[in-house]
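Work through these exercises with the model open beside you. Each task is followed by a stepwise solution.

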Amino acid sequence: MSATKSKTYPPTAAAAKRAHVDAAGYDKMYAHSINDPDGFWGEHGKRIDWIKPFTTVKNTSFEPGNIDIKWFEDGTLNVSANCVDRHVETRGDQVAIIWEPDDPNTTESLHITYRELQTHVCKMANVLQTLGVTKGDRVVIYMPMVPEAAYAMLACTRIGAVHSIVFAGFSPDALGARINGCDAKVVITADHAPRGGKATPLKSNADAALLRCKDSVKCLVVKRTGGQTTWTDRDYSYNDMVLEADDYQQPVEMAAEDPLFILYTSGSTGQPKGVVHTTGGYLVYAAMTHEYTFDYHEGDVFWCTADVGWVTGHSYIVYGPLANGATTIMFEGVPTYPDPGRFWDVCAKHKVNQFYTAPTAIRALMAHGNDWVEKHDLSDLKLLGSVGEPINPEAWNWYYNVVGKGNCPIVDTFWQTETGGHMLTPLPGATTLKPGAAQVPFFGVLPVVLDPQSGEEVHGNDVSGVLCIKDSWPGQMRTIWGDHERFETTYFGDYAGYYFSGDGCKRDADGDLWVTGRVDDVINVSGHRMGTAEVESALVAHVAVAEAAVVGYPHDIKGQGIYAYVTLMNGIDPTDELRAELNKWVRSEIGPIAKPDLLQWAPGLPKTRSGKIMRRILRKIAENDFDTLGDTSTLADPSVVEDLVENRMNRS
Ligand code: WT7
């Protein structure tokens, strides 16, 4: 493979001139951040307002048995005061949030200034307080992409409550498990969530979820569509309560290491884990990465197309941009509604300067042709970003040439729910871009390539292995909610002394890093992370299913698709109706994003004599690459493989 030989793009003169750092500046700042983390972060920690300034900076240990991560630990602050109040003094009439609705033909966009944001956040905080929420309590947010979702997040931070956002595409079962997982006191939801012209009945999903929860959990309902919902004893109307709410609520003083939010994410085994981020380090890191990676400048309009249900929405719709006093766009819709020009229509309408989306969206839009882009005025765009999975060079080139007209650097940002913010990314004024690579570490990040077998660091260039991080950075997750031991084993158990990302990676001849995809049983479907074990356990929970194995396979638009092998109970017929029912079942157990793309009936699964499923073989068959199945001699019954190959579903 000669990926390193493909065309590269040095910073344009315009980008280099405008940027916060050029190539020499990056080298200098990066060296400072690594050689003297206390000095570096001590200085950059001051970018946010502290109630009581910190006197210590980094106090972290990756030592086996003693994983302990603390940043700025004796400082105190309030996140909503940083994201809202301090800007009211200097830029109260500047727009903080532009809300763009799902359907531009029936609904107007909204412009919310920092001053207005303060009132909304205070009122929401006051409502939560009225419902009995106090410092340290957990609040689950299950909302459409409406401004109230951001108010809810910031309101929690104002009173010191810990939010846990559950993406509105998750099923009642998944929601219920997350409410119980953090023992939430209140769930905030809306009547319906419009998306792509359809509406998800969020409130009735929440009702179904709450049947599995304690009676004491309250449900605060925001009106979005006005669509009908049932009303129960535990329900409270946000729209009614807000009329009575005070328009000022004092921000609570929080310690830097107090939890800020929990966000569930999939792992290679077991049920999703509640990733915990804390207050000080996370905010510093989200704000700093937002400014440098996107080369954000005063007055820029920034648009991250993610949903606040994912970490990308946390860090780059809400916390990073608002901490920096930016104008951030919250988009309720999807890239292809009402037509495949929607993204570019919104960019033109709001004069977007930085645009940040996922490769899956780029690939989907690319397939609709250039006209949809070309009919919109994109002259305000200065920078494009990519996140969620490796971006294939074809999509990169289209993004660069057709969307960016060759004038906008692309920042391919590698990071994770666990990392809080960008870990590897080109910087627009400093890095010579290589399509498909996340390339270089952000300040303070020390990536290493390890040999997966020996766990030794692989030095030099033109090498590959697994991607680990050698030391802590302020945005790092601190623990798994309620299970610090699982935190230690999941991220530090494989390679002692290192944080293990779960990704494979190579360092090319120039020393640039390429993240090549997960090396564990996590798959990445349209930039959404899914544990194969989760989908398997949903499938086997169905009465007709005896056994199931799930793997990823290459998918043109989604990056990876979900391929399920299902063994039925004795006597059950494999019919198309049953296949449809199992798909529906997985949707209802987890959510639409977990629905298998291909489901193959498997009379048997390839197992070793000790009963372990040989996923390597299943992956190969799913990839339609069955000529190189490797050694099958250790299988208990090699003949099952022939049947699976014969009846494989992916023949592309
Ligand atoms: C996994 C993390 C963090 C935002 C969205 C996803 C993959 C993410 C890239 C990239 C190659 C990437 C990795 C990672 N990933 N960005 N630019 N290049 N791979 O967050 O759901 O926590 O998933 O997404 O495999 O481990 P997430």
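**Exercise 1. The two domains**

How many residues of domain 1 are in contact with residues of domain 2?

*Solution.* Note that this is a predicted model. Step one: set the bounds. The domain assignment of the protein chain gives 116-259 as domain 1 and 526-647 as domain 2. Step two: find the contacts. Five residues of domain 1 touch seven residues of domain 2. Step three: sort the domain 1 side. Its residues divide into two nonpolar, two polar and one charged. Step four: check the spacing. Taken over C-alpha atoms, the centres of domain 1 and domain 2 are 37 Å apart.

**Exercise 2. The seven-stranded sheet**

Give the strand order of the sheet of seven strands, then find its edges.

*Solution.* Step one: read the order. It is 5-4-17-16-18-19-20, in an open sheet with mixed pairing. Step two: look at the ends. Strand 5 (110-113) and strand 20 each have a single partner strand, so one side of each has no neighbour in the sheet. Step three: add the twist. From one strand to the next it averages 20 degrees. Step four: inspect one pair. Strand 16 (residues 301-304) and strand 18 (residues 354-357) run parallel and are joined by three bridges. C304 has Y356 in strand 18 as its bridge partner. Step five: place the helix. Helix 5 (residues 114-130) lies across strand 4 (95-100) and strand 5. The helix runs at about 85 degrees to strand 5.

**Exercise 3. The four-stranded sheet**

Which strands stand at the edges of the sheet of four strands, and why is one side of each left without a neighbour?

*Solution.* Step one: write the order. The open sheet reads 21-22-24-25, and its pairing is antiparallel. Step two: count partners at the ends. Strand 21 (447-450) and strand 25 (513-518) have a single partner strand each, so one side of each lacks a neighbour in the sheet. Step three: the twist averages 45 degrees from one strand to the next. Step four: take an inner pair. Strand 22 (residues 463-469) and strand 24 (residues 499-507) pair over six bridges in the antiparallel sense. V466 has G504 in strand 24 as its bridge partner.

**Exercise 4. The ligand shell**

Which element gives the most to the shell around the ligand?

*Solution.* Step one: list the nearest residues. Of the 21 around the ligand, F414, Q416, T417, V515 and R529 come nearest. Step two: list the elements. Helix 11 (311-323), strand 20 (410-413), strand 24 and strand 25 give two or more residues each. Step three: pick the top contributor. Strand 24 gives the most, with three residues. Step four: sort the shell. It holds seven nonpolar, nine polar and five charged residues.

Conventions. Residues numbered from 1 in each chain as written. Predicted model: local features only at pLDDT ≥ 70, side-chain atom pairs only at ≥ 80, totals over all residues. Pairing = 2+ DSSP bridges. Axes fitted to C-alpha atoms, helices over the stretch in contact; angles between N-to-C directions. Near = placed C-beta within 6 Å. Nonpolar A, V, L, I, M, F, W, Y, C, P; charged D, E, K, R; others polar. Contact = placed C-beta atoms within 7 Å. Domains from an automatic or database assignment.
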